[in-house]
Amino acid sequence: MGISVRDALKLDIFKDSKIIAGHKGLDRIINRVSVFDCPIEVNRDKLVLKEGDFFISNFFPFKDDEDYALYALKFIDSCGCACFCITNEYLSSFTQKLIEV
């Protein structure tokens, strides 16, 4: 049994976090948590990514190519992931296109 994204974001570790997009997904249920810091490989990722995944990422593979970043976010969402949490280690701001996706 998982918890909602909303409840997970109440944990102390996320106290300084900001939700910049995806407010409608706060009631999605998290079934497992993992790190996602690798380029998209469709054949592998279609098998590995599961509904309810909560991913934490530094977004490094996507930081310099907005089109690739948009593709990655859409692909991850298409797998039914509950949440994609991006740290500000390599990406300190988000374009409007990224926020909309």
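F36 and F55 are both buried. The model in which they sit is predicted, and the report starts from its aromatic side chains.

**Aromatic pairs**

The aromatic pairs number 10 in total. In one of them, the ring centres of F36 and F55 are 5.3 Å apart with the planes at 65°, which makes the pair edge-to-face. F36 belongs to the loop between β3 (32-35) and α2 (42-48), while F55 is in strand β4 (residues 53-57), so the pair ties together parts that are 19 residues apart in sequence.

Another pair is made by F60 and Y90, with ring centres 4.8 Å apart and planes at 65°, so this pair is edge-to-face as well. F60 is placed in the loop between β4 and α3 (66-78), and Y90 in the loop between β5 (83-86) and α4 (96-100); the pair therefore ties together parts that are 30 residues apart in sequence. F60 is partly exposed at 43% relative accessibility, and Y90 is partly exposed with a relative accessible area of 40%.

One aromatic cluster is formed by F36, F55, F59, F62, Y68, Y71, F75 and F84.

**Nonpolar cores**

F36 appears again in the largest nonpolar core, which has 17 residues; F36, L49 and I76 are the members that touch the most others. Helix α3 supplies the largest share of this core, six residues. Leaving aside residues up to four places away in sequence, L49 is in contact with R32, F36, F55, F75, I76, C79 and C81. A second core, separate from that one, has nine residues, including F14, L26, F54 and C83.

**Cysteines**

How many disulfides does a search of the whole structure find? The search returns zero. For C38, the nearest cysteine sulfur is that of C81, 12 Å away, and C38 is in no disulfide. C38 is partly exposed at 27% relative accessibility.

Why is there no bond from C83 to the closest cysteine sulfur, in C85? The two sulfur atoms are 5.9 Å apart, too far for a bond, because a disulfide requires sulfur atoms within 2.5 Å. C83, a member of the second core, is buried with a relative accessible area of 16%.

C85 can also be placed relative to S17: the two residues are 68 apart in sequence, and their C-alpha atoms are 9.2 Å apart in space. S17 is located in the loop between α1 (5-8) and β2 (29-30). Its relative accessible area is 41%, so S17 is partly exposed.

**Salt bridges**

The count of salt bridges comes to eight. Three of them are listed here.

| Salt bridge | Closest N and O atoms | Relative accessible area |
|---|---|---|
| E41 and R44 | 3.9 Å | E41 43%, R44 31% |
| R44 and D45 | 2.7 Å | R44 31%, D45 2% |
| D64 and K63 | 2.7 Å | D64 69%, K63 26% |

The third bridge joins D64, which is exposed, to K63, which is partly exposed. Through shared partners, salt bridges connect E41, R44 and D45 into one network. Within that network, E41 is partly exposed and R44 is partly exposed, whereas D45 is buried. R44 takes part in the bridge to E41 and in the bridge to D45.

**Annotated span**

The unreviewed UniProt entry carries the annotation "domain: Purine catabolism PurC-like" for residues 7-100. In the model, the end C-alpha atoms of residues 7-100 are 23 Å apart. Helix makes up 29% of the span and strand 16%.

Terms used:
Residues are numbered from 1 along each chain as its sequence is written. This is a predicted model: local features need pLDDT of at least 70, side-chain atom pairs count only at pLDDT 80 or more; totals for chains, interfaces and linings use all residues. Side-chain values use heavy atoms; hydrogens and water are left out. Helices (H or I, at least four residues) and strands (E, at least two) are DSSP runs, numbered from the N terminus. Buried means under 20% relative accessible area, exposed over 50%, partly exposed in between (1.4 Å probe, protein chains only). UniProt positions are given in the numbering used here, feature names are shortened, and annotations may be inferred rather than shown by experiment. Rings of Phe, Tyr and Trp (its six-membered ring) pair if their centres lie within 6.5 Å; planes under 30 degrees apart count as stacked, over 60 as edge-to-face and the rest as tilted. A nonpolar core is a set of buried Ala, Val, Leu, Ile, Met, Phe, Trp, Tyr and Cys residues joined through side-chain atoms within 4.5 Å. Contact means heavy atoms within 4.5 Å. A salt bridge is a side-chain nitrogen of Lys or Arg within 4 Å of a carboxyl oxygen of Asp or Glu.
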